[in-house]
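Subject: Structure for you to look at

Hello,

Here is the structure I said I would pass on. Please open it and keep it in view while you read the notes below.

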Amino acid sequence: MTAFVLVSGGHTGGWVWRDVAAGLRESGAVAYPVTLTGMGDRRHLGGPDTDMGTHVEDLVQIVDHADEPEVVLVGHCYGGYPVLGAASRRPERVGRIVFVDAPLPRDGLSVLQQVREQMPDGPVRDRMLGQPARAEDGWRVPAPTEEEWREWGNPAGVPEDGIARLARLAAPQPVGTLTTPVRFSDVVDELPMTGVFCTDGGTMDIAGVEALVATGSPLFRQLAEPRWGFFELAAGHWPMLSTPGELVEILLRAAAGEGRRLGARA
């Protein structure tokens, strides 16, 4: 029985995985939708000291308390950072890591440090880097409004009521989760991994990854290793809200070791 630990992107919580978790359970799998400290219905537990380490510890506790001997860690967007941190601490419990429309975190860098180094100049980069200055009380980055979700969140395919729910339930995010670095050891370099690219309005696909690997940069060389598989999903940035059935299918296939290997025929 495959167990999935589902970690969502910024400002959201376990509630965003409702339909995906139901689909996984209907397939016979186990699903643990995670709400990190300070997010979702745990927003009241956040504070000025809530940081990346807090969220890594949240996931370590989920893994430690899971009955299953092995789990698949699924990180969407921001969620990929604490997922890698937790995998580094419990590698023997991790069967695979799946990044859903998420960057590949780098050890020793915070979310915003990586944005500064890797994201092209433009309004999205400027908005991300400006988040600490917008933090209320010095530590809470306000949740996007419905209009801001539409403008910045790429909710392509999400129904109108889904966007409204996204705005209604979104929580302020502790700024420390964006400014403190994620730490993980070389042990994660041995774990099976999957990348899922959402191609409707997205900035990366399998062809783009192949181009990055072809540059010869050590940052991307690992992506050509057999332990990596890739999928493309014709969805915006929130496939758990727009195409949950298709995402369930991809997660199950990823857990089974499927996915495009770079250099293999389509």
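The notes below cover two helix pairs, one pocket and one cavity.

Please keep in mind that this is a predicted model.

Helix pairs

Two packed helices are described by the angle between their axes and by how far apart those axes are. I went through two pairs in that way.

The first pair is helix 2, residues 52-65, and helix 3, residues 80-89. Their axes come within 8 Å and cross at roughly 60°. An angle from 35 to 65 degrees falls between roughly parallel and roughly perpendicular, so helix 2 is oblique to helix 3. The crossing is right-handed. On the helix 2 side, the contact is made by Met52, His55, Val56, Glu57, Leu59 and Val60. Helix 3 brings Tyr81, Pro82, Val83, Gly85, Ala86 and Arg89 to it. Sorted by class, the residues of this contact are 8 nonpolar, 2 polar and 2 charged.

The second pair is helix 1, residues 18-26, and helix 13, residues 244-255. Here the axes come within 9 Å and cross at roughly 50°. These two helices are therefore oblique to each other, and helix 1 passes helix 13 in a right-handed crossing. Asp19, Val20, Gly23 and Leu24 are the residues of helix 1 that meet helix 13. Facing them in helix 13 are Pro244, Leu247, Val248, Leu251 and Leu252. This contact has 7 nonpolar residues, 1 polar and 1 charged.

The second largest pocket

Asp19 of helix 1 turns up again here, in the lining of the second largest pocket. The space in this pocket is about 150 Å³. Besides Asp19, the lining includes Trp15, Val16, Arg18, Val158 and Pro159. Asp161, Gly162, Arg165, Met240 and Leu241 also line the pocket.

Which helices supply at least two residues each to this lining? They are helix 1, helix 8 (160-169) and helix 12 (239-242). Helix 8 gives the most, with 3 residues. By class, the lining is made up of 6 nonpolar, 1 polar and 4 charged residues.

The cavity

How many cavities of 30 Å³ or more does a search of the whole structure find? The search finds 1. The largest cavity has a volume of about 50 Å³. Its lining includes Val7, Ser8, Gly9, Thr12, Gly13 and Val34. Thr35, Leu36, Met39, Tyr78 and Gln173 belong to the lining as well. His55 lines the cavity too, and this residue is also part of the contact of helix 2 with helix 3. The lining divides into 5 nonpolar and 7 polar residues, with no charged ones.

Regards

Note on methods
Residues are numbered from 1 along each chain as its sequence is written. This is a predicted model: local features need pLDDT of at least 70, side-chain atom pairs count only at pLDDT 80 or more; totals for chains, interfaces and linings use all residues. Side-chain values use heavy atoms; hydrogens and water are left out. Axes are lines fitted to C-alpha atoms, for helices over the stretch in contact, and angles run from 0 to 180 degrees between N-to-C directions. Helices (H or I, at least four residues) and strands (E, at least two) are DSSP runs, numbered from the N terminus. Angles under 35 degrees count as roughly parallel, over 145 as roughly antiparallel, 65 to 115 as roughly perpendicular and the rest as oblique. A crossing is left-handed if the near helix is turned anticlockwise from the far one by less than a right angle, and right-handed if clockwise. Contact means heavy atoms within 4.5 Å. Ala, Val, Leu, Ile, Met, Phe, Trp, Tyr, Cys and Pro count as nonpolar, Asp, Glu, Lys and Arg as charged, and the others, Gly among them, as polar. On a 1 Å grid over the protein atoms alone, a cavity is a set of points where a 1.4 Å probe fits but cannot get out, and a pocket is an open set with protein on both sides within 12 Å along at least five of seven lines; lining residues have an atom within 4 Å of a point. Grid points are joined across faces, edges and corners, and a volume is the space filled by probe spheres set on the points.
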